[in-house]
Amino acid sequence: MTLPVALAGVGKRFRGTTALQDVTLELRPGVTGLLGPNGAGKTTLLRIVATALSPDAGTVRVLGADPADPAGRLAIRRRLGYLPQESGAYSGFTAFSFVDYVAVLKEMTDRSARHAEVRRVLDAVGLGDRAHQRIRALSGGMRRRVGLAQALLGHPDLLVLDEPTVGLDPEQRLRFREVLAGLPDDATVLLSTHLTEDVAALCPTVVVLDSGRVLFHGETTALAALADGRVWDAEAPDPRAAVSWRTPEGRFRNVGSPPPGAALVPAGPEHGYLLLTGSTAAEQVAS
Amino acid sequence: MTAAVAGRDVVVGRDTVAAMARAEVRYTARNPVLWAGAALSAVGTWYVSTDGTFTEGRSVTDGYGTWELAAAPLALAAFLVGNWAALRERPATTAEMFTSTPARRWDRTLGLLAAAGVPAILALVLMAAQWTAVVAQGGVRIGQGRWSSTVTPTPLELVGAPLAVACAFVAGVAMARVVRSRAIGSVLGFVGWAFLYVFFWIWFTAPFGVFAVSRSSVVTADLGRDPSTAELARWDGVDPPGAFAETYLAGSRDLGFHGLHLTYVLGLVVLLAGVALARSGPDRRTRAVLVAGLLLVVLGVAGQFLVHDGAGTWMGSL
Ligand SMILES: Nc1ncnc2c1ncn2[C@@H]1O[C@H](COP(=O)(O)OP(=O)(O)OP(=O)(O)O)[C@@H](O)[C@H]1O
Ligand SMILES: [Mg+2]
């Protein structure tokens, strides 16, 4: 079986900034979450996978094709859905006509079949009843869903979603989970997020990216397991912790190397994530 | 072409470009700015068709010489609509979203260029209405007083305004692909439009008349202060010396010259389309479009100089 996404030694620089460095990553079908702090390189990585950006170094294979080759690129784009971080839309268009336009760009030339597909994706994101409102009259979260709807057009084999849950209310987040759950098993989803809850709820697999490098790639449960026995509760921030924060109860949660006898707390993926990114942050400060 | 030249495996098929064109035609046909321009042009057409501009016999540069002038507001609207449509997509957002679809920016530009047909058809309808009104009044009168004659406009003279309006739309798209700002593009377009339409008398002088985007089929010549009767009789109409000129200004409809001029305008449309495509990403077909446009322009311009001796006389009548 060809891997839906295979990156080897991928690097990307923007003038002075290294956005990605020697990224090697192989994704399998299913939902993979991409976690990382601001500026980690998530968007850069997703743009490369979505054929919107070419890397400076390394090789990229998406859905078995090479995006650097025109024929490969077209083959990928025919099977791809992409939601950019800032999706935007033509504000003077209705949600229906905008998504319909994208459907035309996706080679859906039969008008009635295309309209049926546009209605399907708008219903999927809960915009069925708003389809004929102008986009400028929609709320920010609804506009985001218009972006999501266009990504779903044509049942793509690979969905690349850059922060799809930003701006969605809790009900819409649930609906988004349903949309992902309703995808066929052989579809591949790569989505970035800042929310470890999203990862826990949506993504069996997770990639943690920081400063353009892959720090972790594995099952989400394995990310949580990294922090097993390393999360504890205390009266005060602990200097042995990589990260500490105040809980709503006024106590402190610490992630790092616990002192003997510490009040350990069950670990979740967010703790594993903080352990990974917190320690690199600490190293950066030290160096 | 698409499939034959580049292959379905490298670029989207002709059917997709056709679907994009249909979508752009629909959006353009619904654009209120275009309809506002068309409404103003319709008022202008109605005015010049009923106030005797073409039938009463006015100065050769004034009456029939302004045959296409009523299309001016439509041309401006077409420029703006084309420009704004091409700038709907924003680099960081929608353009980024569209990048990952099979249709490339080049294909999207091609689809949009097809929508130039919408304002062109509106212009054709207006010109047909003007033609019908003028023919119902017995035809066009060229020149004034003793030296005037009446002619019936030909179908060829219906083509100029639609071509000029299509040219404006395509120029708007090309402008958008060169200057990314709607504001700057619109101002530049307005200045260009004002130069082409508001100072329309420039286009009766050589060599500018050769390069006008919109002009009538009337070609003028300065006959001096004392032309012979035979010379006066050779022209469809003559303005005697008056308030504006001390010499006899003659004008005749010259369909051969006009046909070559329209060839030049068509070339301009194709050339500007080529510029818009060239600025929309690589595609090997761009060159063919540019070459075809350039050939038509050269053919039209050279032809005009060849058939009209006066075309090369600096600031002479044309
Ligand atoms: N077009 C660009 N030009 C210059 N620098 C860029 C560009 N795009 C990204 N960068 C830089 O590359 C680095 C990675 O950016 P990227 O957008 O991939 O991060 P991210 O993980 O998506 O961040 P966020 O969570 O804030 O969206 C950053 O330092 C950013 O400043
Ligand atoms: Mg980002």
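## A buried asparagine

A:Asn254 is buried, with a relative accessible area of 0%. This is a predicted model, and here A:Asn254 has its place in strand β12 of chain A, which runs over residues 252–256. What does the side chain of A:Asn254 reach at 3.0 Å? That partner is the backbone nitrogen of A:Asp238. The side chain of A:Asn254 also meets the side chain of A:Ser244, in a polar contact of 2.6 Å.

If you set aside the neighbours within four places in sequence, you can still find several residues in contact with A:Asn254, among them A:Arg230, A:Trp232, A:Pro237 and A:Val243. Both polar partners, A:Asp238 and A:Ser244, belong to that list too.

## An exposed proline

Now look at A:Pro239. Is A:Pro239 buried or exposed? With a relative accessibility of 81%, A:Pro239 counts as exposed, because the cut-off for exposed is over 50%. You will find A:Pro239 in the loop of chain A between β10 (231–234) and β11 (241–246). From A:Pro239 to A:Gly81 there are 158 residues in sequence, and the C-alpha atoms of the two lie 45 Å apart in space.

## Salt bridges within the chains

Over all chains, a search of the whole structure finds 22 salt bridges. One of them joins A:Asp100 and A:Arg114, whose closest N and O atoms are 2.7 Å apart. A:Asp100 lies in helix α3 of chain A and A:Arg114 in helix α4, so this pair ties together parts that are 14 residues apart in sequence. Both A:Asp100 and A:Arg114 are buried.

A second example pairs A:Arg251 with A:Asp233, with 2.8 Å between the closest N and O atoms. Since A:Arg251 sits in the loop between β11 and β12 of chain A and A:Asp233 in strand β10, the pair ties together parts that are 18 residues apart in sequence. A:Arg251 counts as partly exposed at 29% relative accessibility, whereas A:Asp233, at 19%, counts as buried. These two residues also belong to a network of salt bridges that links them with A:Glu235 and A:Arg253.

Chain B has an example as well: B:Asp51 and B:Arg58 form a salt bridge, with their closest N and O atoms 3.7 Å apart. B:Asp51 counts as partly exposed at 22% relative accessibility, and B:Arg58 counts as partly exposed at 27%.

## Where the chains meet

How many residues does each chain bring to the contact? Chain A brings 32 residues and chain B brings 30. About 2600 Å² of area is buried between the two chains, and carbon and sulfur atoms give 63% of this area.

Two salt bridges are found across this interface. In one of them, the side chain of B:Arg26 meets that of A:Asp100 at 4.0 Å, N to O. The interface also has 5 residue pairs in polar contact. Several elements of chain A each supply at least two residues to the side that touches chain B, including α2 (70–77), β5 (80–83) and α4 (111–124). Helix α3 of chain A gives the most, with 7 residues. By type, this side of chain A divides into 16 nonpolar, 7 polar and 9 charged residues.

## The shape of chain B

Chain B holds 13 helices and 5 strands. Its C-alpha trace spans about 70 × 35 × 35 Å along the principal axes. A compact globule of 318 residues would have a radius of gyration near 20 Å, and the 21 Å of chain B agrees with this.

Of the 318 residues of chain B, 56% count as buried. Among contacts in chain B between residues at least 6 apart in sequence, 77% join residues at least 24 apart.

Definitions and conventions
Residues are numbered from 1 along each chain as its sequence is written. Chains are lettered from A and ligands numbered from 1 in the order in which they are written. This is a predicted model: local features need pLDDT of at least 70, side-chain atom pairs count only at pLDDT 80 or more; totals for chains, interfaces and linings use all residues. Side-chain values use heavy atoms; hydrogens and water are left out. Contact means heavy atoms within 4.5 Å. Buried area is the accessible area (1.4 Å probe) that two parts lose on being put together, summed over both. A polar contact is a pair of N or O atoms within 3.5 Å; within protein, one must be able to donate a hydrogen and the other to accept it, and residues adjacent in sequence count only if both atoms are side-chain atoms. Helices (H or I, at least four residues) and strands (E, at least two) are DSSP runs, numbered from the N terminus. Ala, Val, Leu, Ile, Met, Phe, Trp, Tyr, Cys and Pro count as nonpolar, Asp, Glu, Lys and Arg as charged, and the others, Gly among them, as polar. The radius of gyration is taken over C-alpha atoms; the globule rule is 2.2 Å times the number of residues to the power 0.38. Buried means under 20% relative accessible area, exposed over 50%, partly exposed in between (1.4 Å probe, protein chains only).
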